[in-house]
Amino acid sequence: MASLLKTSPNAVKKRLLHQIGLSLYNTSHGFHEEEVKKKLEQFPGGSIDLQKENNGIGILTLNNPSKMNAFSGVMMLQLLEKVIELENWTEGKGLIIRGAKNTFSSGSDLNAVKALGTPETSFNKCCTGSRSGIGWRSRSYYSM
């Protein structure tokens, strides 16, 4: 099973891990996927929008202009969904990452970071290595 997980695309890894009761999230710190999702859902706002062009170029837009496109918890969850969607897009050749309204991104919403970054809820370690395959990492990326 370990060699299959190392050589499989991420979408296949996710299905395999879910079949055997594991998750893409590192549970060695006591966090489980549903717990992480519930915490992140507490921080709404913005969206991650994806356009897939016929020429194989994807355009991913960070859309939270009222907060200079800072990542909310919900946006973090949407980003994971979009990355999985891109990994399954066989016609994809490259990705442009941009921010809405002429601002790229100011980072993460500090309210979410503050709430999630306490020693009791330190999510910074829970996702270590969660996207370990090559997938979209082997393609070209441009940010605007």
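Biologist: Why are S2 and S3 said to pair, and in which sense?

Modeller: Two strands pair if DSSP finds at least two bridges between them. S2 and S3 are joined by six bridges in the parallel sense, so the pair satisfies that criterion. One of the links is between Gly 58 and its bridge partner in S3, Leu 95. This is a predicted model, in which local features need pLDDT of at least 70 and side-chain atom pairs count only at pLDDT 80 or more, whereas totals for chains, interfaces and linings use all residues. Residues are numbered from 1 along each chain as its sequence is written, and side-chain values use heavy atoms, with hydrogens and water left out.

Biologist: How do S1 and S2 run, and how many bridges join them?

Modeller: S1 and S2 run antiparallel and are joined by six bridges. Gln 51, for instance, has Ile 59 in S2 as its bridge partner. Four residues lie between the two strands of this hairpin, where Gly 56 has a positive phi near 90°.

Biologist: On what basis are such elements named, and in what order do they run from the N terminus on?

Modeller: Helices (H or I, at least four residues) and strands (E, at least two) are DSSP runs, numbered from the N terminus. The protein chain has five helices and four strands, in the order α-α-α-β-β-α-β-α-β.

Biologist: What handedness has the β-α-β unit of S2, H4 and S3?

Modeller: The unit is right-handed. The term applies if, with the strands pointing away from the viewer, the path from the first strand over the helix to the second runs clockwise.

Biologist: What makes S2 largely enclosed by the rest of the structure?

Modeller: Five of the seven residues of S2 are buried, and the strand is therefore described as largely enclosed. Buried means under 20% relative accessible area, exposed over 50%, and partly exposed in between (1.4 Å probe, protein chains only). Buried residues account for 38% of the 144 residues in the protein chain.

Biologist: Which residues make up the largest nonpolar core?

Modeller: It has nine residues: Ile 48, Leu 50, Leu 60, Leu 62, Phe 71, Met 75, Leu 86, Trp 89 and Leu 95. A nonpolar core is a set of buried Ala, Val, Leu, Ile, Met, Phe, Trp, Tyr and Cys residues joined through side-chain atoms within 4.5 Å. Strand S1 (47–52), strand S2 (57–63) and helix H4 (73–87) each contribute at least two of the core residues. A second, separate core of six residues includes Val 36, Leu 40, Leu 77 and Leu 116.

Biologist: How do you know that Lys 82 has no salt bridge?

Modeller: A salt bridge requires a side-chain nitrogen of Lys or Arg within 4 Å of a carboxyl oxygen of Asp or Glu. For Lys 82, which is buried, the nearest side chain of opposite charge is Glu 85, 4.2 Å away, so the criterion is not met. Lys 82 lies in helix H4. Apart from neighbours within four places in sequence, Lys 82 is in contact (heavy atoms within 4.5 Å) with Ile 48, Leu 50 and Leu 60.

Biologist: Why is Asn 69 counted as buried or exposed?

Modeller: Asn 69 has 0% relative accessibility and therefore counts as buried. Asn 69 is placed in the loop between S2 and H4, with a positive phi near 60°.

Biologist: And why is Lys 101 called buried or exposed?

Modeller: Lys 101 has a relative accessible area of 66%, so Lys 101 is exposed. Lys 101 sits in the loop between strand S3 (94–99) and helix H5 (110–116), and its phi is positive, near 55°.

How values were computed. Lys, Arg positive; Asp, Glu negative; His and termini not counted.
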